[in-house]
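User: I would like to go through this structure and ask what each label rests on. Please set the values against the cut-offs.

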Amino acid sequence: MTTQKALIPLPAPIARIATATGAAVALAGTFLPWTWTSEFPGDLTVTGYPGGLQILTLTAAILTLLFTLCGYGIRGLRWLTPGGTNSPVRLLALATLGTTGYTIGAIAYELGGVVNLEPGAWVSGIGALIAFLAALGLPSDEPLPADGPPANAWQRFRNSLAAPSVGRAKPLPGWGEILIITAAFAVALYVFTYCIDIPTEESEQFIGFLITAGFTFTALTRAGIIARITALTTKHRNVTLIAALVAAFCFPFTQDTAEFTLIGANILIFATVALGLNVVVGLAGLLDLGYVAFLGVGAYTAALVSGAPLSAIGVQFPFWAAVLTGAAVSLIFGVLIGAPTLRLRGDYLAIVTLGFGEIFRVTVNNLNGNSGPDLTNGSQGIPSIPDLNLFGIDFGLSHDIGPFTLSRPANYYLLLLVVTAVVVLVFRRSGDSRIGRAWVAIREDETAATAMGINAFRLKLLAFALGATLAGLAGTVQSHVSYTVTPEQYQFAGPVPPNSAFLLAAVILGGMGTLSGPFIGAALLYLIPAKLQFMQDYQLLLFGIALILLMRFRPEGLIADRRKQLEFHENDEPVLVPEPRQPEEADAGITKAGA
Amino acid sequence: MTTMTTTTNTTTTVLDASGVTMRFGGLTAVRNVDLTVNAGEIVGLIGPNGAGKTTFFNCLTGLYVPTEGKVSYKGTVLPPKPHLVTKAGIARTFQNIRLFANMTVLENVLVGRHTRTKEGLWSALLRLPGFTKAEQASHERAMELLEFIGLQDKADHLARNLPYGDQRKLEIARALASDPGLLLLDEPTAGMNPQETRVTEELIFAIRDQGIAVLVIEHDMRFIFNLSDRVACLVQGEKLVEGTAEVVQSDERVIAAYLGTPFEGAPGAEEVAEVEAAEAEAVASTGTSPKDTTTTEEEDTR
């Protein structure tokens, strides 16, 4: 343990005891009432039974206490902190303070004054404050840079949140590692379910959740647990995939009402399409700003052959045939649009695809029988698309399976899960092959790739067409989930995801070229607008600000591709072997450190 | 300077470029250049900066379509598409290293295998029986090549993180992965120190010994004359002379192209005397170091 001068001059043992005490006080406070009236969402009036935002404070305080105890080097707890020891404590104390502080502020603001606070809120608030201040007194995990001017308070604060990178883990028995992966996904499912089940009108709780989750996730990253789990999931990729699929499969069984399952189904559509876009953008590096058009092509095709009363064709294909038709029509459109545009590079391609995306919407709007032939029913769209009936199961009805009830959205959710699994499989297998390597090579350097014998145009067209097909596939199910297809669902940017801008944002937010990135990006981008409805009017503005901040602070996305991680953060890493001859190659030695 | 190459007397022509001309608008970058490379031969291509060497290379590999002339490989005329040229059997490296920086060393070489493998998207998606076998074979071949250039221990490193010399070597391995009959190297030793240059030289001999003909662009004269069976000199887009190292080295036009011609009617001896006198004067009068004056004088006479 390095003994660095802490931000607040306290002897380390005292700081540690004070942090633990503060966290314990904050924890105890959550069992007391925080306000007198149950008007504030979540009912914070009950003694001995934390509810709503109190649970978040409770969780953060327990974690703070746990990680503070890790600082004592207690046997059996060390696996929690393979990376930093004190920086996670600081971040978790910050999570406690942030959540508690936010709650106190929200109560005071909504109920009209500080008088509405009961002692419990003060106990927790003061406890969290003590914990945070004392945590600042803990020594840093990382030494301050020795050279350069003495660091100011802000730099020292940032440094105190840094942590050393994690070394290689001791190998566990295979079943143990699989157990850890399973547990990690169980926790992830629990957190996701908790998050999605926050009542839509209780946006306070959702904001509190974002604060707690954000700081806790950062703390776990600093502690090195995330790195450990990532290492395990990379080692057992198939197990991880199955675990993820099982966790996703369990989700509808945790839901009593259809409302939140529908959100889950919509997230799944969004994520699946984003993953399809990731083939085009993440692997082949083709910036496609009109991708949602292919989702629209699939959805419209499925709607036309679904037997909907207003469909211009008026045929009813069986579902499998509708899926194949939708995917095939999307594929054709992908090739038709890709063939002329893919000769362009970079910005030009982006502009042309943006144009084609809008052309789709405008065309569909005009094929209404007035401005053009009647095919799509114009801006009215094709309504009342009948529910699917597969294997004798009517997807429109609720079904009871044992103690669980599967509502209509749940049926579609499970069907979508199959589509998602197909897309995941396609993404993984194509990425991990000769074709996928050629895509990445084209992304890296098209000229060099052609000089290596890669037919760049053909492979780019393949990526484009494959992406279109996957989107079309998702679109065929989407049309049934949403009853209606209208042109306004498939625009460049709009309030409801998926649209082209949000799809691209989900890919970039999650992490380009990664499998899990689009899922996390899509979940966040769908849930945040859905749960924070009071800021609906400013949604696009906030979305833009969030993207700018992301590009500034974490350009590689939340889930970093190993390559991107090195690309963007090589200057932060210590240079082990400087190469004086080639200044621009000075990162020669960091492979080990960053890998 | 000794030539340690052994001339193999095979008559099969690997590369036959005849009358290659490349014009960019009014500028003729390459004018009517003929060049042949025979099997098992190392041919050097030299010339001052801007002579059109790299343009000529680009014409050979299909990156540029030559305005006039044709390039044939083992008797068949090459199509003007880079990937088809590579498929036909000509691989190249670039003057400024163009590795796939964010791919691993192994992946870079595997990309080079692209033309020699056929597994398409369906094969990858359905993992058809041939897929795993082909991937395995590609991996084995790639590791073999990495061993050949001595980078087998760095297979999992990102290409961008390799030291400069290794990046150059990796580019050669990536080119070799396409099983070429002719390897085009564009300044393979640029920026290398003498030891690294010597290692590269041995590497190129080893490649030649595998039966691959090599065409090298280089500025390092010692390196190129040591290496090549034949050297061609390109000046202002035209081929001045072609022949063995001795012939090219002693050719006056080549020397003139690199060093310039002496002044008309100013014999060397007189000039030297003049310079020495001026130097002596400078030392005597100002007492400053004569070195600066000498260098400027020398540069003037160049």
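Analyst: The model is a predicted one. In chain A, residues 24 or more positions apart account for 74% of the contacts with a separation of 6 or more.

User: What counts as a contact in that statement?

Analyst: Heavy atoms within 4.5 Å count as a contact. On that basis the 74% refers to contacts in chain A with a separation of 6 or more, and these join residues 24 or more positions apart.

User: Why is chain A called as compact as a globular protein of that length?

Analyst: Chain A has 22 helices and four strands. Its radius of gyration is 26 Å, and the globule rule gives 25 Å for 595 residues; the two values are close, so chain A is as compact as a globular protein of that length. Along the principal axes, the C-alpha atoms of chain A fill a box of roughly 80 × 70 × 45 Å.

User: How much of chain A is buried, and what surface does chain A expose?

Analyst: Of the 595 residues of chain A, 51% count as buried. Chain A exposes about 26200 Å², with 67% of that supplied by carbon and sulfur atoms.

User: Why is T86(B) called buried or exposed?

Analyst: The relative accessible area of T86(B) is 2%. Buried means under 20%, so T86(B) is buried. T86(B) lies in helix α2 of chain B, residues 82–88. Leaving aside neighbours within four places in sequence, T86(B) is in contact with T450(A), A451(A), M452(A) and G453(A) from chain A, and with R116(B) and S178(B) from chain B.

User: What makes G42(A) partly exposed?

Analyst: G42(A) has a relative accessible area of 29%. Buried is under 20% and exposed is over 50%, with partly exposed in between, so G42(A) is partly exposed. G42(A) lies in the loop between α1 (12–29) and α2 (53–70) of chain A. Neighbours within four places in sequence aside, G42(A) is in contact with G51(A), G52(A) and E202(A).

User: How many residues does each chain bring to the contact between chain B and chain A, and what area do they bury?

Analyst: Chain B brings 42 residues and chain A brings 40 residues. Between them the chains bury about 3800 Å², 56% of it on carbon and sulfur atoms. In chain B, N102(B), H114(B) and N161(B) lose the most area to chain A, together 18% of what that side buries.

How values were computed:
Residues are numbered from 1 along each chain as its sequence is written. Chains are lettered from A and ligands numbered from 1 in the order in which they are written. This is a predicted model: local features need pLDDT of at least 70, side-chain atom pairs count only at pLDDT 80 or more; totals for chains, interfaces and linings use all residues. Side-chain values use heavy atoms; hydrogens and water are left out. Helices (H or I, at least four residues) and strands (E, at least two) are DSSP runs, numbered from the N terminus. Buried means under 20% relative accessible area, exposed over 50%, partly exposed in between (1.4 Å probe, protein chains only). The radius of gyration is taken over C-alpha atoms; the globule rule is 2.2 Å times the number of residues to the power 0.38. Accessible areas come from the Shrake-Rupley method with a 1.4 Å probe; for residues, only the protein chains shown count as cover. Buried area is the accessible area (1.4 Å probe) that two parts lose on being put together, summed over both.
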